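I sat down with this one to look up a few spots and jot down what turned up. The notes are in the order I went.

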Amino acid sequence: MAARWLSALFITVCVTSILQAQNTYWQQFVHYDMDVTLIPLEHALAGEETIWYKNNSPDTLTQFYLHLYPNAYRNSKTVRAREAKRFHRKLLAKAQDAGFIDIESFKIISSDEAGGVRSVSAFKVDDTILEAELPRPLPPGDSLRIELSFYLKVRKFAGRAGYRGNQYDFAQWYPKVCVYDETGWNAEPFHFNGEFYGEFGTFDVTIHLPPTYIVAATGTVVSGDPGWDTVHVDTALSDAQWQQAWEDMTDRRRKQAADGQMRSVTFHAENVHDFAWSTCPDFLYERGEWDGIPIHVLYRSRVKKQWSKVVVRRGARALAWLSGKFGRYPYPQLTIVHGLLGGGMEYPMLVMNSSQREGLILHEVGHIYFYGILGNNEWKEAWLDEGFTTFQTRWYMESRYGRWGFDRKSWLRRATWLQRHRPGNTSREANRNMALSYILSGYDEPISKPAYSYNEPFGYSMNAYTKGAFFYDMLRYVVGEKTFEKICREYFDRWKFKHVNEARFKQVCETVSGMDLDWFFDEWLHKTVKIDYALGEVKKINKDSLWLTEVQVLRKEKGKMPVEVQLVTEAGDTVTQRWPGLANEGRLTFETRSKPTRVMLDPEDKVLDVRRFNNGPPRVEVLFDYPNLSYSPRQTYLVTWRPSGWFNDV
Ligand SMILES: [Zn+2]
């Protein structure tokens, strides 16, 4: 009763503090109006940009900051290039591949109390940040306007954007407002590790292109023709029919090119904090739909065999899954583009992917939720975007393909004899091994750290992705499956189109679960503690046809997690109890009718326990020593054998 009263009090405290947090929450508003022209002969883009900015903060602003991300690739002296060098990486293959953005005209305009207009044109650029003093301090509730023009020299593809052949991927390409939040201005230069953070708002972008260029972008087309109809793939056609259709298409487009009329398309997007686009004369287009939401897929003709039909289908499944687990996809379209990069990259409503892989589509489309809709500061708390989407991808793959976590049936069809016969790890096991070897490597760093501050080159990816994803596995384990699903929906509902951070996510977790999760967030995000529980003494007493088994559990490391203790009886029954795991030692009693035969800790391998051999009696498995064997069943000694032949000439 007392416990119930306490938890009721705790929930009340949480609800009150959430209401307070929501009442005091604010975010700035920004509206971009851009008019840009692609000049392929110069590999350049000329742009005009107007930014309307409303100060919704309680502070009076005196300065203003814009990101000029393309300048990170201007030369080898930029912050990003220097940090890359520290990790023995090079941003640009050759100096002539460089790109940059020059601000050709600039004006900040704001009206004063008397209704007069004041403006300034002075600004300074340091690396990838433009700083300007406002013509007058901007009090809470007031707005200003910035008018500028820029010349973007597009770099040869590097990082996430650039050109290769006749394709242009435009990402982080325009002067972009730095976020002003409760921590002040987030005017961070573009680091080697770490991604982005943007103000939510509206984009109206008009793009002028040579007529043969097909274009895809964040937002919906409100005027002009992006060219999709001219390259629309009719998926019902046979190969021969398609060949004919392709020739007709090419013919039509040759005529279009001869006409010489520029293509002009305007895209409009709301509730987004970035705008990306991609264009190429060689794109083919396919259209799909999920629950009334159009799915646009654009890919280069050489991958038609791999991309056709499959990507549209996978995109629809991703939307169905994400909408079901978190909340309905709130944007009017989804675009999946065959990007120039290896891997994939996410932008609001649009992802650039290097392949048709299902896991990649789930990861990047998932980012439209975790980064896009729930907009965290990516360089500061990458676990909120990379960790969450890596976790949800594995969750999707396991719910679709079972414990293997990948489409093993299709894989087996393509596998060699050796691959088919050699035992292997599930996707979760492979990732768990990776996380555990990092945790035990001596180089472990906390999950929540600014992306650029990791000491080792692999620190960022291990923490943002691998350990970051396990954070959500552990959270689900601590609060329980049903509560976790409620947390996912509540988090989306409460924070969509807003900036999220650890405190905001934690508040949702605590309100929904009714649990105090300080210890959990602190341990998993800010420390590098190891978790190791061991099975201690097991005492069995047989009394009046009942078996009483007393099990001792020991905590061997500083890390704390609830631990499941499972007892198996001669009759084959299993009984599981959960021990809170906070003390150094605990005892649990099991009462069974049948004789206990085996006791094991964490039977389903849910906790990232660093030493699994002390979780119960280990098993021994004997198997052939296959080449490149990557197999690690839990609590098992593997004995491998292989024949060997030799001779001597004596
Ligand atoms: Zn990602």
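Below are my entries on a metal site, a strand residue, a pocket and a helix.

**Before starting**
I kept in mind that this is a predicted model.

**Entry 1: the zinc ion**
I went to the metal first. Which residues donate to the zinc ion? I found His363 and His367, each through NE2, and Glu386, which is listed twice through OE. These donors lie 2.0 to 2.8 Å from the zinc ion.

I then looked up the geometry. The angles among the 4 donor atoms run from 52 to 155 degrees, and the site is classed as irregular. A tetrahedral call would have needed all angles between 85 and 135 degrees.

Next I checked the spacing along the chain, and the donors read H-x3-H-x18-E. His367 belongs to helix H6 (residues 358–369) and Glu386 to helix H7 (residues 386–401), so this pair ties together parts that are 19 residues apart in sequence.

Are these two buried or exposed? I have His367 down as buried, because its relative accessibility is 0%. Glu386 is buried too, at 1% relative accessibility. The cut-off I used for buried is under 20%.

**Entry 2: threonine 569**
I moved on to Thr569, which sits in strand E28 (residues 563–569). Its relative accessible area is 4%, so I wrote Thr569 down as buried.

What does Thr569 touch, once neighbours within four places in sequence are set aside? I listed Thr592, Ser594, Lys595, Pro596 and Thr597 as its contacts.

**Entry 3: the second largest pocket**
I looked up the volume of the second largest pocket and got about 530 Å³. Its lining has 21 residues. Nearest the centre are Glu398, Arg428, Glu604, Asp605 and Lys606.

Which helices each supply at least two residues to this lining? I noted helix H10 (427–439) and helix H11 (459–479). H11 gives the most, with 4 residues.

I also sorted the lining of this pocket by residue type: 14 charged, 4 polar and 3 nonpolar.

**Entry 4: helix H2**
Last stop was helix H2, residues 79–86. I found Val79, Arg80, Ala81, Glu83 and Ala84 buried there. For reference, residues three or four places apart on an α-helix point the same way, because there are 3.6 residues a turn.

What is the sign of phi at histidine 88, which follows H2? I read a positive phi for His88, near 60 degrees.

Notes:
Residues numbered from 1 in each chain as written. Predicted model: local features only at pLDDT ≥ 70, side-chain atom pairs only at ≥ 80, totals over all residues. Heavy atoms only, no water. Donors = N, O, S within 2.8 Å, 3.2 Å for Na, K, Ca; no water. Tetrahedral: all angles 85-135°; square planar, octahedral: opposite > 155°, others 65-115°. Buried < 20%, exposed > 50% of the residue type's maximum accessible area, 1.4 Å probe, protein only. Contact = heavy atoms within 4.5 Å. 1 Å grid on protein atoms, 1.4 Å probe; cavity = no way out; pocket = protein on both sides within 12 Å on 5 of 7 lines; lining within 4 Å. Points joined across faces, edges and corners; volume = space filled by probe spheres on them. Nonpolar A, V, L, I, M, F, W, Y, C, P; charged D, E, K, R; others polar.
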